[in-house]
Amino acid sequence: MEDLSYVKPAEPISRFGKDVHERGDRIPKRFSFSTDEKLDDAIQVYLRLKPDTEFSKDGFLSLSEEEKNSLLLKKKSSVSKFSFSYIFKPSASQEEVFLKSTEDNLQDFLNGKNAFIFTYGTSSSGKTFTIQGTKNNPGLIPRIIATIFASLENAIDESYRYCPERSVSVVELTENEMFEKFLLKEKCLTWAKKLVQQHLQKNDDILSFEEIELLYKKSKKLVVDKDDCVFSIWFSFAEIYNEKIYDLFDMHKDVRNPLQLSTDLDKCVFIKGLQHIHVTTLEEAYFLYYYGCYNRSVSFTSLNERSSRSHSIFTVKILGRQKDSNDNCFITSSFSVCDLAGTERFSKTRNHGSRMKESQSINSSFLVLNRCLKIIRENQLRDFKQVVPYRESKLTQLMGTSFTTRDTNLVMIVTVAQSQNLMDETETSLKSSAIATEIKAMIETPVKKKKKMRFSSAFSHLNPGRGVNWNEIVSCNRNIIPSSLPMQDGNLELLKTLEKEKKQRQEAETKLIELEKAHRVEIESLIGEHKYLSDQRDTESVRDKELEASKVQQHEQELASLKKQHEILYEKYMNSRADFLSLQKKLRLLRDDYEQLKAKHEGLESTCEELEDMLDDAKEEVEELQKENKELNEAIIAKDEDLVLKDERISVLELEVEQLEDNLQDNAEERDVYDKLVKALEDSLRNKEDEIKELNDKLVTQSRSYEDEINLLKKKLEGQPYRESRRVKETNAPIIRIQDNSFSDDDNRRTPYIRRSRSAGYRNSFNDSDDPSFLIPVRRKICTSKKKKRRQAKDLESSYYFDGKSDSASTSMGKSDSASISRGQSARRVLYKKTSEEDLGEPPDTLIGDSTQDSPNTIFRTLRTGKKY
Ligand SMILES: Nc1ncnc2c1ncn2[C@@H]1O[C@H](COP(=O)(O)OP(=O)(O)OP(=O)(O)O)[C@@H](O)[C@H]1O
C-alpha cells in the first residue's frame, strides 16, 4: 500500500450525470488506488463448527487426519472431502474467529481496501452468533467497531460535510442536508438508548455499552499508513427481506418503504436511498448498531428461537482526507458484514404462512448464489464464458460487485452444526463452499488508465513558465550564425549564400522584432485586459462576498426556522413519547399474551402430533377392521346361502311337524278314550278287589272256623285239652318286628312319603329321597298285635320309614321271618311304621309293605285302609 495515491477527479460532470450537475452543489469525485499492489485473488473460505458437533465415530463429520484444514463428510456409501482456508473447531472462541478471519482484512480496510465478509450455513448453525455474538461472546461486528475506533482514535473527522454516496463516491453536503443527517442520527440514538435500557432491564442477551468499551480498550490498534489524514466514519445497515431491500436505520414506521438497487458508472451496484449515518464516538456506534439489529426481521421457527428471516448487510465506510487541506481528495473504503438467513427445508421447519414465504425467498436467493459461484468457477476453467446470473436475486446483485472487483477482500464463513436432522442441508453448504474455494482468481477488470485531464491541459496552455521564450531563441540563433567570415575565392558562392541568408536573417529579425513588438503590444493589451479583469474580479468578489453574506444570513434564518421546527418537532416528540410509553406497555402486555399463546400453541402442536399418531393408529385399526369386516361379509354371504338352504329345510320340516301335530291330535283323542277306558277298568278292578277281599274275609273266617273245628276234632281225637290259637285279626302276612338300635337314631327316622306318579298310578318302588312336594303323607297305621297298646297308641302320631338294610334287620328277626326277607335280597325295600318314643315297646314298629313281595298298589291300599292285604 506504499503507492496509495490521491487522484484528482476526472471529468466530474460526465461521471455523475446531468441530474447531479444541475444541482451545482455537489462535488463529484472518484478515487482509486494504484494497481501495483499484489492482490490475494482467492476467496477466503473458513469453516466454523458449532460446539454441539461431536467428532464421534457415529457422527457424519470428521476432521481429516492426513490433510490440515480438511473435513470429511461420511455418508452411507461415500466419503467426501472439503478443504478450507482454516477450520474453527467447536472450541474456537469468538476472538480467535475475529483474529483469523477479519483482523487482516480490517487492516487493509483502514488503508483503503474494501472487504466483504458473509456467513453461510443452515438455520441455527451459528451465523448470527458469529456475526453479532451474544452478551458474553461478542461477535465480529462489535469487535470490528471497537478495533476501528481504537485504530483511528486521534484521527476521527467530526465534520458532516463530506458524505459517502453510491458505491465509492463522496458528496459535499449542504447545510440543510447536514442538519437532516444530524437529526436522523439523534432520533436513532434516542430510540436506541431507550431500547437498550429496556432490554438490559429485562436481562435480555444483548451486549452492553460497558462490554463494548472493554473490547475497545483491549483492541489492538491497527496501523494506518496515512498519519496525516483524518477519517470520517459512516454506518449503513440494510436488510433483504422477501426480495425487498429495507433501510434498518429508517425510523420506525408501520409501512416500510422498500429501496431499489442501482448501478453507478463503474458498474458497481448500490442501494439507492440507503441512509449513511455519521458516527463520531464509540458510544454512538454502539447504539446505532444496536438500533439496526433491533429493526431486523427475526422470528421463531422450529429450528431456531430467534431465526434471521432476512439477509442483513452492515457497512462501515471511511472517508480519509488530508488534515487541514481544502483539497477535495479522499480515500474511501467500505467494510461490509453480511449475515445471511439460514438455508432450511419446509419439511423440517414446518413453516407456514408468512414464515413459508420467507423460507421460499431465502432459499431462492441461495439457489441463485450457488449458481453464480458455479458459473464464475466454470468461466475460469473454460474459454466460453457464460453470463453470471447476478441479477436474479437482490443478494447476488449486491454481492456481485465484490465478486467482480479486484480491490475487495471476499471472506466466506461457513457454519455447520452436526445434526443428523440437517445432514442434507449441511452437505449443500459444504458443496457451495467447495465451489467458492475453487474460485482462485477474481475476474480481471481492465486497469483504468488515468485520462489526461482537461483542466490540466488548459492550465499548461496558459502557464507562462511553459510558454515560448522568444529572446532565448533569438540569442540562440545569433550564436549559431557568426557575424563575419574571411573573404576567399572558393568562398564567393558561400559568401553569396551567406549574404542571402544574412538578408533573410535580417528580414527574419525585423519580422521577429515586429512580431515581438506586436507580441508586447498584445501582452500589454492582455495585461491591461487582465488588469481590467482583475479589477472586475475584485468588484465581483466584493459582490460575491456580499452575496455570500446575504446567503449566510439566509442560511442562518433557515437554520433558525429549522431550529424552531426542531423545537416544535421535539415537543411533538415528547408528547408522542408519552404515547409511545403507554403503547410500549400495551406492547409488553401483548408480548406476554403472545408468549402465552405461543406456549399454548406449542402445547396444541404436541397434542396435535399425539392426535395424529392416534389417528394413524386408528387408521391402521380401521384398515384391519375393514379387512375383518370384509372376511365376515364373505362368511355372512356364505352363511346366508346356508341359511336359505336351511330355511328351505325348515319349511319342509314345518310341513312335516304340522302333519305330526295333526297325528298327535288324533292320538290325544284316542288317549282320552283309552284313559276313560282305563279308569272304568280300574273302577271295576277295585270293585272286584273289594269283592275278592270280602270273599277272602269270608274265606279266612271260614278257614279259621274250619281250623278250630279241625283242632277241636283233633283234640277230641287225641284226647288233649284244647288251647285256643292266637288270632291275628288285621293281617294275614307275617309281621316282622325289627329291634335294631340304629333305628332309634333320629336321623334314620324318616317320615314316609309315597310318590304319586304324574302319569297314572304309583311308582313301583319306594324312594325316600324324592321331592316332598310330590308326596302324600301316609296315614298312620296301628299295629294290632296287642290290643291295649294299640288303643294307647291310637292317638299318637307315628312315622313311617323305609329300610333296605336287610342284613341288620335279619339279625334280630325270628327264623320264619328271615326266610321271607331273604327272598328280596339287595333290591328289597321295606316300609315300616314308627311309633312315638313313649310308644317304644313291644313291638315298636310295624311293617307296612315289602317291595319284594307287595305291589305298590297293595302297599298304598294298606296305608289308606290300615289293613294289610
Ligand atoms: N459457536 C457457538 N457457540 C455457542 N453457541 C452457539 C454457537 N453457534 C451457535 N450457537 C447458539 O446456537 C443458537 C442458534 O445460533 P444462531 O442464531 O447464530 O443460528 P443462525 O445460523 O443464525 O440461524 P438462522 O439462520 O435461523 O438465523 C443460538 O442460541 C446461539 O447462541
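Reader: How many nonpolar, polar and charged residues does the shell around the ligand have?

Author: In this predicted model, the shell around the ligand has three nonpolar, ten polar and three charged residues. The ligand is surrounded by 16 residues, and the closest are Ser123, Ser124, Thr128, Ser307 and Ser308. Serine and threonine are counted as polar, because they are in neither the nonpolar nor the charged list, and the polar class takes the others.

Reader: Which helix and which strand each supply at least two residues of that shell?

Author: They are helix H4, spanning 127–131, and strand E15, spanning 307–308. H4 gives the most to the shell, with three residues.

Reader: What makes the approach of threonine 128 to the ligand a polar contact?

Author: An N or O atom in the side chain of threonine 128 is 2.6 Å from an oxygen atom of the ligand. A pair of N or O atoms counts as a polar contact within 3.5 Å, so a pair at this distance qualifies. Two further ligand contacts involve the backbone: a polar backbone atom of serine 124 is 2.7 Å from an oxygen atom of the ligand, and a polar backbone atom of glycine 126 is 3.1 Å from an oxygen atom of the ligand. On its own the ligand has 630 Å² of accessible area, and the protein covers 78% of that area.

Reader: Which residues does the UniProt annotation "binding site" cover?

Author: According to the UniProt record, which is an unreviewed entry, the annotation covers Gly121, Thr122, Ser123, Ser124, Ser125, Gly126, Lys127 and Thr128. Among them, glycine 121 is found in strand E6, which runs over residues 114–121, whereas lysine 127 is found in helix H4.

Reader: Why is glycine 121 called buried?

Author: The relative accessible area of glycine 121 is 0%, and a residue is called buried under 20%, so glycine 121 meets the criterion. Leaving aside residues up to four places away in sequence, glycine 121 touches Lys127, Ala341, Gly342, Thr343, Thr415 and Ser429.

Reader: Why does lysine 127 count as buried?

Author: Lysine 127 has 5% relative accessibility, and the limit for buried is under 20%, so lysine 127 belongs in that class. Apart from residues up to four places away in sequence, lysine 127 touches several residues, including Thr119, Tyr120, Asp339, Leu340 and Thr415. The side chain of lysine 127 also reaches the backbone oxygen of threonine 122, at 2.9 Å.

Reader: How do you know that threonine 147 is buried?

Author: The relative accessible area of threonine 147 is 3%, and buried means under 20%, so the name applies to threonine 147. Threonine 147 has its place in helix H5, made of residues 140–151. The side chain of threonine 147 reaches the backbone oxygen of arginine 143 at 2.6 Å, and the cut-off for a polar contact is 3.5 Å, so the distance criterion is met. Setting aside residues up to four places away in sequence, threonine 147 touches Phe98, Leu106, Ser219, Lys220 and Leu222.

Reader: How many helices and strands does the protein have, and what percentage of its residues count as buried?

Author: The protein has 19 helices and 23 strands, and 36% of its 869 residues count as buried. Of the contacts with a separation of 6 or more, 71% are accounted for by residues 24 or more positions apart. The accessible surface of the protein comes to about 54,700 Å², and carbon and sulfur atoms hold 52% of that surface.

Conventions. Residues are numbered from 1 along each chain as its sequence is written. This is a predicted model: local features need pLDDT of at least 70, side-chain atom pairs count only at pLDDT 80 or more; totals for chains, interfaces and linings use all residues. Side-chain values use heavy atoms; hydrogens and water are left out. Helices (H or I, at least four residues) and strands (E, at least two) are DSSP runs, numbered from the N terminus. Buried means under 20% relative accessible area, exposed over 50%, partly exposed in between (1.4 Å probe, protein chains only). Contact means heavy atoms within 4.5 Å. Accessible areas come from the Shrake-Rupley method with a 1.4 Å probe; for residues, only the protein chains shown count as cover. A residue is near a molecule or strand if one of its heavy atoms lies within 4 Å of it. A polar contact is a pair of N or O atoms within 3.5 Å; within protein, one must be able to donate a hydrogen and the other to accept it, and residues adjacent in sequence count only if both atoms are side-chain atoms. UniProt positions are given in the numbering used here, feature names are shortened, and annotations may be inferred rather than shown by experiment.
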